[in-house]
Each structure stands twice: as C-alpha cells, then as structure tokens.
Amino acid sequence: QLPFSPTGCCVACRLLADSGGGARDFGAMAVYAPCPSYERTRTGTAAVTVDALWRDRVAWTARTGVRHHTDDFILVRTDPARYRNQHRSLQAEAELSARWALSPATTVAAGGEWLSAWLRSARLGDRAQQRGAAFAEVRHRRGAVEGNAGARLDASADFGRQLIPSAGLAVTLSPHAVVRGSAAGGWRQPTWTDRFYQDPGNRGTPTLRPEQFVNQ
C-alpha cells in the first residue's frame, strides 16, 4: 500500500494491491446427509485498487479483481461414484467511482461497475453471466437539515434492466439528537444454485425471477 503523496500536478494517489489463497480438505460426516462425506476446496483472489485526489475536491477510486474457486464434494467418501459434485468458477470485476465537492454544502457521487462470471459444474452445468451497473447520488446540507437522493441502474444479460431509487433525510435537533429517515429499493438476482442445482433432495427452478424489496 502506498500513502497519498503529491505528484506535482495537483493530484495525490494511493495504490493498494492484495492477493490471497485458501486450501481446505475436510470431512463432512452428517453435515449434508447421514453419510461419511468429504470436501476439497481451493480459492485464489487478487485485486488492485487506485485512489486519486484532485485539488482536494474530486476523489476517484478504481478497482479491479479476480476470484477463482474449485470445489470437489463426495457424498460417500469410500464410494465417489455414488454422488460427486465438482465445479470450477472464475469471476472478474471492475469498478470506477468519483465524488465531487461542488461546494461546502453539496457533494455529488457517480460511478459504474462490471462483473463477468463463468462456471463449469457437474451439477449446475456450464454457465456464464455478464452484468453491470451505473449509479449516482447527490447530497446537500442546509443548516440543520441534510438530504440525499440517488439512483442505481443494474443491467443483466439474464434479467434485463432494473432502476433502483433511494432518498434520505437527517435533521439535527441538538448536539446530542439527530432524526433520520430513508427509503431505498433493491433487488436480488437468483443464483445459479437457486435456478439449476439438482440432487435427490433438491431441484432448482430455472425460471426464477429476481426478488424485489424496499428498505425504509
């Protein structure tokens, strides 16, 4: 990690890179079924983040990362042919966001993100998914009142587009009391497991649609 430092052009930057890995081999007796099961997983991740500050008014953040995962599950350890679930997944993502201080009272933020995922699975099949999003928010303070409003547009190759609005208000009554209220929409896309997983006790629903909800 590199700290913020002037570069001579009114820009300060910080670079952060990280990676990780995990290897797990474990028995799963009676965890998923009354059988002497066994599971083996391998996970690797890597990410790079760049933060930039321009003239103390515009802050940028750019991030990209990848994650690779493999899983081998055997229902009966001494008899792998009875039931075995092997899969491998790869996920890549990128995000860019910026925040502008238009004035001491008003701040605007905007950005976008992209994700691509691939799966090769004995039980879920071969899958691929692309999705992206764009978002924006404005925050303004006048005296003891601070409000914000925003929107997020999600686009998925499987489920189309979804516009999610949000709004909030906070009123400072005293140094020790603040009244807050907010409302925001949201949605959750069904996972590949929700849609396609099948075993003797479970059956996915390929036609599942996203869940929609409101937080307030």
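Strands β2 and β3 of this predicted model form a hairpin with 3 residues between them, and arginine 55 in the turn has a positive phi of about 55 degrees. Strands here are DSSP runs of E with at least two residues and helices are runs of H or I with at least four residues, both numbered from the N terminus. β2 and β3 run antiparallel and are joined by 17 bridges; two strands are taken to pair if DSSP finds at least two bridges between them. Within this pairing, tyrosine 38 has isoleucine 74 in β3 as its bridge partner.

Because the model is predicted, local features need pLDDT of at least 70 and side-chain atom pairs count only at pLDDT 80 or more, whereas totals for chains, interfaces and linings use all residues. Residues are numbered from 1 along each chain as its sequence is written, and side-chain values use heavy atoms, with hydrogens and water left out.

On its other pairing, strand β2 (residues 36–54) is joined to β1 in the antiparallel sense over 19 bridges. Glycine 22 has threonine 43 in β2 as its bridge partner. The hairpin of β1 and β2 has 6 residues between the strands, and alanine 30 in that turn shows a positive phi of about 65 degrees.

Further along the chain, strand β7 (residues 145–156) and strand β8 (residues 160–174) run antiparallel and are joined by 12 bridges. These two strands form a hairpin with 3 residues between them, and glycine 150 is paired with serine 166 in β8. β8 is in turn joined by 8 bridges to strand β9 (residues 177–188), again in antiparallel orientation. The hairpin of β8 and β9 has 2 residues between the strands. Serine 174 has alanine 177 in β9 as its bridge partner, and alanine 167 stands opposite alanine 183 in the β9 strand.

These hairpins belong to an open sheet of 10 strands with antiparallel pairing, in the order β1-β2-β3-β4-β5-β6-β7-β8-β9-β12. The edges are occupied by β1 (11–29) and β12 (211–215); each has a single partner strand, so one side of each is left without a neighbour in the sheet. Neighbouring strands of this sheet are turned by 10 degrees against each other on average, direction ignored; the axes are lines fitted to C-alpha atoms, for helices over the stretch in contact, and angles run from 0 to 180 degrees between N-to-C directions. In a regular strand the side chains alternate between the two faces of the sheet.

The structure also holds 2 aromatic pairs. Rings of Phe, Tyr and Trp (its six-membered ring) pair if their centres lie within 6.5 Å, and planes under 30 degrees apart count as stacked, over 60 as edge-to-face and the rest as tilted. The rings of tryptophan 60 and tryptophan 100 have centres 6.1 Å apart and planes at 70 degrees, so this pair is edge-to-face. The pair links distant parts of the chain, with tryptophan 60 in strand β3 (residues 58–74) and tryptophan 100 in strand β4 (residues 84–101), 40 residues apart. Tryptophan 60 is partly exposed at 37% relative accessibility, and tryptophan 100 is likewise partly exposed, with a relative accessible area of 31%; buried means under 20% relative accessible area, exposed over 50%, and partly exposed in between (1.4 Å probe, protein chains only).

For phenylalanine 73 and tyrosine 83, the ring centres lie 6.4 Å apart and the planes stand at 70 degrees, so this pair is also edge-to-face. Phenylalanine 73 lies in strand β3 and tyrosine 83 in the loop between β3 and β4, so the pair ties together parts that are 10 residues apart in sequence. Phenylalanine 73 is buried at 10% relative accessibility, and tyrosine 83 is buried at 8%.

Overall, the secondary structure of the chain comes to 1 helix and 12 strands, and the elements run β-β-β-β-β-β-β-β-β-α-β-β-β from the N terminus on. The radius of gyration of the chain is 23 Å, well over the 17 Å that the globule rule gives for 216 residues, so the chain is more spread out than a compact globule. This radius is taken over C-alpha atoms, and the globule rule is 2.2 Å times the number of residues to the power 0.38. The C-alpha atoms fill a box of roughly 70 × 40 × 40 Å, taken along the principal axes. Of the 216 residues, 27% count as buried.
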